[in-house]
Amino acid sequence: MKKEENKLPNATIKRLPLYLSYLKSVKKSGQKSISSVEIGHALNFKSDLVRRDFSKIKAPGRKGAAYEVKKLVNHLHLIVNEKTEPEAALIGAGRLGTALLHYNHLRKSTPKIKMAFDNNPKVVGKTIAGVPVYHIDEMNERLTASVTVAILAIPAASAQMVSEKLSETGILGIMNFSSAYLKLPANVHLQQIDLARELDTLSFLIHFF
């Protein structure tokens with residue numbers, strides 16, 4: 001990366017892994033070119049925001065023309081790998097959270113869980129599977145620009161409040177293991193993992209089919 005690219009705003013940096021992930025899927029589909037409008041629509045960003053971000057990272061392409069997907073992926077891939085390898089934060093280091101941390105330790109792909117938060121004094125201050133556990137009140141202080149994903153392994157009653165705090169820190173993706181149905185800003189992507197519901201679905205499939 002060149003010196004001027006070191007001055008990228010944190011908000012832009014946080015969006016780069018999302019651009020890369022989406023454009024890799026576009027490339028895999030065989031699409032050769034794409035506009036800022038298409039990218040913005042897919043990621044719930046305004047097209048002028050996409051253009052500003054791409055201007056800041058000096059993305060290849062001509063003003064007013066569609067971007068060549070392959071070149072854009074390669075350019076983003078270099079930047080993300082050098083500057084913003086995506087990281088995740090775990091919220092809740094109970095039984096499920098601890099299991100996720102041990103699973104994280106075995107994974108080779110990104111994003112990797114780099115930090116965890118809890119309010120239980122029995123786990124705060126400890127390191128589980130190589131990941132430090134901080135008090136949940138330290139989220140604003142500890143979350144860095146490279147942490148773009150949060151994993152919620154907490155009771156449903158507190159999930160909405162915590163997710164709102166996370167969205168204020170700049171988190172762009174939340175994986176929710178609680179049964180709560182979260183209401184999030186349009187720019188925060190939600191992946192709902194309801195184990196109880198999945199088991200119910202499996203039971204219905206076995207019974208009816």
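In this predicted model, Leu76 makes a handy starting point: leaving aside residues up to four places away in sequence, its contacts are Leu16, Tyr19, Leu20, Leu23 and Ile57. Leu76 also belongs to the largest nonpolar core, a set of 23 residues, and is listed with Tyr19, Leu23, Ile39, Phe54, Ile57 and Leu72 as having the most contacts inside that core. At least two residues of this core come from each of α1, α2, α3 (47-56) and α4 (69-83), and the top contributor is α1, with 6 residues. A separate core of 19 residues lies apart from this one, and includes Met139, Ala159, Leu166 and Ile174. In soluble globular proteins, nonpolar side chains tend to be buried together.

Now for how two of those helices pack. Helix α1 covers residues 10-29 and helix α2 residues 36-43; their axes sit 11 Å apart and make an angle of about 105°. Angles of 65 to 115 degrees count as roughly perpendicular, so that is how α1 and α2 are arranged relative to each other. On the α1 side, the contact involves Leu18, Tyr19, Tyr22 and Leu23, which meet Glu38, Ile39, Ala42 and Leu43 of α2. By type, that makes 7 nonpolar residues and 1 charged, with no polar ones.

Zooming out, the protein has 8 helices and 9 strands, and its C-alpha trace spans about 55 × 50 × 30 Å along the principal axes. Buried residues make up 40% of the 209 in the protein. Taking contacts between residues at least 6 apart in sequence, 57% link residues at least 24 apart. As for the surface, about 12,400 Å² is exposed, with 55% of it supplied by carbon and sulfur atoms.

Definitions and conventions:
Residues are numbered from 1 along each chain as its sequence is written. This is a predicted model: local features need pLDDT of at least 70, side-chain atom pairs count only at pLDDT 80 or more; totals for chains, interfaces and linings use all residues. Side-chain values use heavy atoms; hydrogens and water are left out. Axes are lines fitted to C-alpha atoms, for helices over the stretch in contact, and angles run from 0 to 180 degrees between N-to-C directions. Helices (H or I, at least four residues) and strands (E, at least two) are DSSP runs, numbered from the N terminus. Angles under 35 degrees count as roughly parallel, over 145 as roughly antiparallel, 65 to 115 as roughly perpendicular and the rest as oblique. Contact means heavy atoms within 4.5 Å. Ala, Val, Leu, Ile, Met, Phe, Trp, Tyr, Cys and Pro count as nonpolar, Asp, Glu, Lys and Arg as charged, and the others, Gly among them, as polar. Buried means under 20% relative accessible area, exposed over 50%, partly exposed in between (1.4 Å probe, protein chains only). Accessible areas come from the Shrake-Rupley method with a 1.4 Å probe; for residues, only the protein chains shown count as cover. A nonpolar core is a set of buried Ala, Val, Leu, Ile, Met, Phe, Trp, Tyr and Cys residues joined through side-chain atoms within 4.5 Å.
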